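Me: I'd like to learn how to read this model one feature at a time. Can you walk me through it?

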Amino acid sequence: MEATSHAAAHPPTATGLPTLKVGFWTFLGSETLFFGALISTFLVYKHGSVSGPYAHEVINIPLTSFSTFVLLMSSLCMVLALAAVQKDSRKGALLWLFMTAFLGATFLGCQAYEFTSFYHEGLTLQSNLLGSTFFVLTGFHGAHVTMGVIWLLTLWFQTWSGRIGSGDALKVEVAGLYWHFVDIAWIVIFTVVYLLE
Amino acid sequence: MATVEAHAPATAAGHRRTGIWDWITTIDHKKVGILYGVTALIFLFIGGLEAMVIRTQLMQPDMKVVSPDFYNELFTMHGLTMIFLVGMPIAVAMFNYIVPLQIGARDVAFPRLNALSYWVFLLGGLFLYSGFFIGQAPNNGWFGYSPLTSLQYSPGLNMDFYALGLQILGIASIMGGINFITTIVQLRAPGMKFMRMPLFTWMAFVTSFIMVTALPVLAVALFFLTFDRFWGTNFFQASAGGDPILWQHLFWLFGHPEVYILILPGFGVVSDVIPTFSRKPLFGYAVMVYAGALIAFIGWGVWSHHMFATGIGTIADAFFTTSTMIIAIPTGVKIFNWLATMWGGRLRFTTSMKFAVSMVAMFTIGGVSGIMHAVSPADLQQTDTYFVVAHFHYVLIGGLISAVISGLYYWYPKITGRLMSEKIGNWNFWLFFISFNVTFFPMHFIGLLGMPRRVYTYAPELGLGGWNLLATLGAYVMGVSMLLLAWNLVRSLKKGKPAGNNPWQAATLEWATSSPPPEYNFAQLPEIRGRMPLWDNPDAYDERVWKEPEGGVHMPNPSYWPILTATGIAATLILFMTHLWWAPLLGLGWTMVCVFNFAFEPAG
């Protein structure tokens, strides 16, 4: 079904897959190595700080569990948004795209709160190894979420102004790939940074 | 040929736009390839000039041609130039021009992204070089070992140029890799199965995978370095518990795959050139494909052989010794297959073929010395000496650069429509071949006799003045041979003999279309039925392949958003130099503006 609706816009490809999607999967492969290197460094340095504050003194697991849950739910909303676009439901698309972006922004709000409170407890980029690795790793993840929120709001605006219809489901699907990737990366980061002893 | 409206079919055969604006806004893979190639060749001559100054300084003991500090900048920039501004972009130049032609595509998968990669690369290269203008070019070696790169030991701007410049160049390479993988997966012509692709395209495919996976690791290492230097983080600060060896692990985790980014395209060129001039299909095609992929894969598991001297432990030493030796097996398979391809073939020793054959021989010498320092105890004797310098120049000049020159002579007629002079080419080859060996073979002895690399001079008591003089004289002659190459490239544009579509009677698709190809590459192609379409089925590839059909071919419009977006990406990183936390955000804002325009530009 999708293939026929795209036939006019995209010339046939050797695999039959949409080219944008193949390119985007490749990009996500690249991102995996990027986060892989950041997370590995965090693990290597996990017990390396020679001065405080140490992880158990600052980390607030309930708050981060909440924000993790929020991000997971945003992935669900993303799935619903794509389904709505594919079914040509403009109302549904507007609702779920907004919800995805809103939950993403909520996650960022939690992160901003967390960063500020860590800062007041003496954990900074410069304070020790934990500060350097924590802020750089979660900061890069936050930057990715920020990009995703901007992307989602752009899609929302396009849907609202009628520039995206069911024929453009691919655009929403690719944004969804990105969003789910950022979510999965967070699940690993949450486990490694907050849960592992 | 008359002026066309923006939305009308934009091209006609022979409609060649060549003004500056057309080059700036082009998204044609062939023009982007030419931009990449010309830029890389210019950097090749700059990097070669640096090598000449280095060799002049080392001609005799205790020479004072350059200061020790400037010498540090010279050898660092020579390495960075040859790897990031010559080796990678010249491979990407060939991928750009040749891969879409070899798979029967009209362009790459994302033509504007392709142009963006080039402009980001160019700005990154210019930024890296701008350090010279204020006398503070990178000076800690291309590997930038911590803790030498910390603010404490490198207080100047030198390593800021390094950290930010390489970051910009890495972004260009990742975008390029994504583009080529997608192009090869998606845009193969009907019948062009994976196992029918020419080896050059296969190696472009494998190389792109390494680029996409290795460069992000370098990006992370460079971000750590940048944050350490600009914002006082502790990643490589031993006093805070940071580990300078972590830099080496991250750097070589990128750096060894990088070696295969550099050499696999060369393997690809030679694997196309040798069958053409042997008039035989490549021996063991499938094994050649698997060997290339295997080299790339194992290439991820050998990085610590660059770090034996840091004392990584017996088990790690043993592991990395073994994995490094294992990688010699697929490489050896390739060498034997090239020889077997020539065996019994109707050999034609054109300049291209001479460079290809010498590549096989010279690369083998470099490979053998590579095996020597794969053995960790032997490496402890060889590391940081000229023996290593000899090794990697045999693989990178004897291997990569020979293959690149072979490819230049081979594909120049396709690109320009004219043949390069074989007479000048003959001089070019023999001068290059002899002087290369005169320059670098003595370095094996220089190194084993104890001369350390990266040091600006040596004492007369070392007794190496004679060998060094010989190496320097060889380097000068090599410089002359490269000038001959440049002369041949320029003069053949006008004076070269017209080439015709397929001057070498080669078998692969790029030779089916006209020379130079029309903007759309192919008007129509018959279904591809084998690996050697032009040998198997020559009658099917007539002028219908490239003659413009009625009504023209619809091609996407040129765009200025790639170059503008590139200025945004470069500015974001360059503005770190201001040390104002908000300055990079200005660059980021401009990038966002450009990205939106890029994304919403009508396809045309």
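Reply: Sure, and keep in mind that this is a predicted model. Let's begin with a backbone angle: just after α14(B), B:Gly450 takes a positive phi of about 110°.

Me: How about the helix before that glycine: what should the 27 residues of helix α14 of chain B span, and what do the end C-alpha atoms give?

Reply: The idea is to take 1.5 Å a residue and compare the result with the distance between the ends. For α14 (residues 422-448) of chain B the expected span is 39 Å, and the end C-alpha atoms are 39 Å apart, so the two agree.

Me: Now chain A. Which secondary structure does chain A have?

Reply: Count the elements, then read their order. Chain A has 7 helices and 0 strands, which run α-α-α-α-α-α-α along the sequence. Its C-alpha atoms fill a box of roughly 60 × 35 × 25 Å along the principal axes, and 38% of its 197 residues count as buried. For contacts in chain A between residues at least 6 apart in sequence, 81% join residues at least 24 apart.

Me: How many residues does each chain bring to the contact between them?

Reply: Look at each side in turn: chain B brings 27 residues and chain A brings 25 residues. On the side of chain B, α5 (158-186), α6 and α7 (244-278) each give two or more, and α6(B) gives the most, with 8 residues. By type, that side of chain B divides into 18 nonpolar, 8 polar and 1 charged.

Me: And the largest nonpolar core: how many residues has it?

Reply: It has 235 residues, and those with the most contacts inside it include A:Ala81, B:Val217 and B:Ala221. Helix α6 (residues 199-231) of chain B supplies the largest share, 22 residues. Domain 1 (30-236 + 244-556) and domain 2 (557-604) of chain B each add at least three residues to this core.

Me: Which residues is B:Ala221 in contact with, sequence neighbours within four places aside?

Reply: Those are B:Trp247, B:Leu250, B:Phe251 and B:Phe254.

Me: One last residue: is B:Lys280 buried or exposed?

Reply: Count C-beta neighbours inside 10 Å; 20 or more makes a residue buried. B:Lys280 has 20, so it counts as buried. B:Lys280 lies in the loop between α7 and α8 (285-298) of chain B. Leaving aside neighbours within four places in sequence, B:Lys280 is in contact with B:Pro275, B:Thr341 and B:Gly345. B:Lys280 and B:Ala340 are 60 residues apart in sequence, yet 10.0 Å apart in space, C-alpha to C-alpha.

Definitions and conventions:
Residues numbered from 1 in each chain as written. Chains lettered and ligands numbered in written order. Predicted model: local features only at pLDDT ≥ 70, side-chain atom pairs only at ≥ 80, totals over all residues. Core = buried A, V, L, I, M, F, W, Y, C linked by C-beta atoms within 7 Å. Buried ≥ 20, exposed ≤ 12 C-beta atoms within 10 Å, placed from the backbone. Helix = DSSP H or I, 4+ residues; strand = E, 2+ residues; numbered from the N terminus. Domains from an automatic or database assignment. Contact = placed C-beta atoms within 7 Å. Expected span 1.5 Å × (residues − 1). Nonpolar A, V, L, I, M, F, W, Y, C, P; charged D, E, K, R; others polar.
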